[in-house]
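Biologist: I'd like to go through a few labels and hear what backs each one up. Can you put the model up?

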Amino acid sequence: MATPQLFDNHQRPINYLRLAVTDRCNLRCFYCMPEEGIKYLPKKELFTFEEIERLVTLLGQLGITKIRLTGGEPFVRTDLMQLIRTMVKIKGIHDVHLTTNGILTAPHIPELKSLGIASVNLSLDTLDRERFKMITRRDEFAKTWETLELLLKHEIPVKINAVVMDGKNTEDILPMVRLTKDQNVSVRFIEEMPFNGEGSHYPTLQWTYKKILEKIQKEFPTLQKIEDEKNSTAAHYRVPGFKGNIGIIAAFSRTFCGTCNRIRVTAQGSLKTCLYDDGVLNIKNLMRSGANDTVIADHLLNAFAHRPKDGFEAEQNRKDHPLLESMSTIGG
């Protein structure tokens, strides 16, 4: 039986769900939340295991084929591995991916491999222990590095996500590019976004995707543009002779909205059809009010049929201004 096709009102296919399984995290990253952390929601206000399974099963029937489990930090949730065991068996879901900071991940890597996890995105903004400590406000670099080594050893496709922050880690850009010389890893440099629980850190964004690329090209003038995957948020490049590649994600500049194929569901069960909206449907409340799957599917399809054309329109339509959420709450 063919996989159903799901489209939004701009005729963009929707087949990718980013699902936050918790709002909690064991780091306090500069670009994600204030130093004192965020106010975590009581457990009863978060999506349960059963509600997550029900939603993903329904979305698999509608046309979602790819799911990424994120957070907060997913491994803070003690039943995460059981959740992954369930997700990989749901009909219609072909690929299960994971985003993690790596601190609690290493012991689970052999099982992730056996379950067929499609890829892991590892959040790592610096290769320097002291800068890691300064950015994350925790001294956990060694655990994240161990996770990277084990992912490579078990040949699980891995992407390193590095948020580029003015005055914090720009000296790491070139060393991280060099990491791709001997390792089959994709290092993605991401523009900083204002989802840190405080709003934007700068009057204007200093390190745009153009500036990041210029810095890399100056050091590696033979840098080549390579083909991007369909619906990719990153523009990909390779230094000739290097095993891995790099990507640059214009997350704040929002240059990729025209091919966006993803939706997000927060740990509170709120649907976001764009990263920059403030939630367009409370799925958790629908489920807990007794709505059956047909009613929930109708609400979902209606939300997909009223999707903003880009992140700027979504931001304009927000009820709450400015952007003061934490990425930990939204789902990275």
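Biologist: What makes the link between the side chain of Arg307 and the backbone oxygen of Thr273 a polar contact?

Modeller: The side chain of Arg307 reaches that oxygen of Thr273 at 2.9 Å. A polar contact is a pair of N or O atoms within 3.5 Å, where within protein one must be able to donate a hydrogen and the other to accept it, and residues adjacent in sequence count only if both atoms are side-chain atoms, so this pair qualifies. Mind you, this is a predicted model: local features need pLDDT of at least 70 and side-chain atom pairs pLDDT 80 or more, while totals for chains, interfaces and linings use all residues. Residues are numbered from 1 along each chain as its sequence is written, and side-chain values use heavy atoms, leaving out hydrogens and water.

Biologist: Why is Arg307 called buried?

Modeller: Its relative accessibility is 3%, and buried means under 20% relative accessible area (exposed is over 50%, partly exposed in between; 1.4 Å probe, protein chains only). So Arg307 counts as buried.

Biologist: How do you know that the structure holds zero disulfides?

Modeller: A disulfide is a pair of cysteine sulfur atoms within 2.5 Å. For Cys25, the closest cysteine sulfur, in Cys29, is 6.3 Å away, so that is too far for a bond. Cys260 is in no disulfide either, as the nearest cysteine sulfur, that of Cys257, is 6.7 Å away.

Biologist: And what makes Cys25 and Cys260 buried?

Modeller: Cys25 has a relative accessible area of 18% and Cys260 is at 16% relative accessibility, so both fall under the 20% limit.
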